[in-house]
Amino acid sequence: MTQQLPHVPPTAEPEMTGVRNFRDVGGLPTVEGRRVRQGLLFRSGHLAHATEQDTAFLASLGLHTVFDFRNAADQQLEGPDVELPGVRNVNIPLTDPADGAEFWQMVREGDLDQLHALLGDGKAAARMRYAYRSIVTERTAEHSRVVHAIAEDSMPALMHCAAGKDRAGLSIAVVLLAIGVERDAIEEDYLKSNDPRRRYKVHRSDSSPAGMSPEVMELLNPLFEARAEYLETAYATIEENWGSTERYLTEGLALGGATRERLRERLLDG
């Protein structure tokens, strides 16, 4: 018999100062009228800059596993996650460390003309759509590993990348699709990453008013914004490659009926 985890009361969302974009995805509705249980699945930006108070809150969640989807370049830039006693840390990079290294260096250091050439005329949003397509098609094994781990022994779990928006956002979406959460609810949660207090803090070598001007920030915005079109790109890529979400789950992620049912038992109320 599948072990039933105890119901955890809703957690008040903290005002963490060193961790951005944290939230519990509990409460989201499924197409069958059930809801994701509180206190089991969390998402956030990286934990490298967690303060002592942030760390104490994270430790209070009773986490079993932290999934870190950053690559080596991300970790070198931001640092390793803070250590949480008794918590398993699993690093599953969802991008190649060498992929885009020059691009992101230009984002941090380029002047206005260089940023126009790199990001203007829709290039920034196009890059994000390409990234979402690539993660869906090239990181299927990684997503399968995550979902199977969630079904087995990894909860409560926290998933994060750098900003907690794209790689973590897609991974959360995949888990939620597997348990039948409504797509509108998945999108609503995804778009919460745009809240000003959640947004990733853009780091530029030139932090002067000129280096962080409205024109510069407008060029950078598509990279650091959660947009419904990005999530729709991921869904469309699933349809194009597997024909349906159901085939993606069963064939792409190798989720059999018993594993799907175990996921629902562990993650859903009712």
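Begin by selecting Asp 121, which sits in the loop between helix H4 (112–119) and helix H5 (123–138). The model on the screen is a predicted one, and in it the phi of Asp 121 is near 55 degrees, a positive value in a residue other than glycine. As general background, most residues other than glycine have a negative phi, and most peptide bonds are trans. Is Asp 121 buried or exposed? With a relative accessible area of 80%, Asp 121 is exposed.

Next, go to Asn 21, in the segment before S1, where phi is near 65 degrees and is again a positive value in a residue other than glycine. Here the surroundings can be read from the accessibility: Asn 21 counts as buried because its relative accessibility is 3%, and the cut-off for buried is under 20%.

Now colour the whole chain by secondary structure, which comes to twelve helices and five strands. Of the 270 residues in the protein, 52% are buried. If contacts are drawn between residues at least 6 apart in sequence, 77% of them join residues at least 24 apart.

Select the strands as the next stop. They form an open sheet of five strands in the order S1-S2-S5-S3-S4, and the pairing is mixed. At the edges lie strand S1 (23–24) and strand S4 (88–91), each of which pairs on one side only. Within the sheet, look at strand S3 (residues 65–68) and strand S5 (residues 157–160), which pair in the parallel sense over four bridges. Which residue of S5 is the bridge partner of Phe 67? That partner is Met 159.

Before leaving S5, step back to the loop between helix H6 (140–152) and S5, where Pro 156 has its place. The peptide bond from Met 155 to Pro 156 is cis, with omega near -5 degrees.

Keep Phe 67 selected and show its neighbours. When residues up to four places away in sequence are not counted, Phe 67 touches Val 90, Ile 92, Val 146, Ala 149, Ile 150, Ser 154, Ala 157, Leu 158, Met 159 and His 160. This residue also leads into the interior, since the largest nonpolar core has 63 residues, and those with the most contacts inside it are Phe 67 and Ile 150. H7 gives the most to this core, with nine residues. A second, separate core has 14 residues, including Ala 50, Leu 61, Leu 84 and Val 87.

The last stop is an enclosed space. Rolling a probe the size of a water molecule over the atoms shows where empty space is left. How many cavities of 30 Å³ or more does the structure hold? It holds one, and the volume of the largest cavity is about 60 Å³. To see what surrounds the largest cavity, select Val 136, His 143, Leu 170, Ala 173, Val 174, Leu 177, Leu 231, Ala 234, Tyr 235, Ile 238 and Tyr 248, which line it. Helix H7 (167–178) and helix H10 (228–242) each supply at least two residues of this lining. By type, the lining of the largest cavity divides into ten nonpolar residues, one polar residue and no charged residues.

Key. Residues numbered from 1 in each chain as written. Predicted model: local features only at pLDDT ≥ 70, side-chain atom pairs only at ≥ 80, totals over all residues. Heavy atoms only, no water. 1 Å grid on protein atoms, 1.4 Å probe; cavity = no way out; pocket = protein on both sides within 12 Å on 5 of 7 lines; lining within 4 Å. Points joined across faces, edges and corners; volume = space filled by probe spheres on them. Nonpolar A, V, L, I, M, F, W, Y, C, P; charged D, E, K, R; others polar. Core = buried A, V, L, I, M, F, W, Y, C linked by side-chain atoms within 4.5 Å. Buried < 20%, exposed > 50% of the residue type's maximum accessible area, 1.4 Å probe, protein only. Contact = heavy atoms within 4.5 Å. Pairing = 2+ DSSP bridges.
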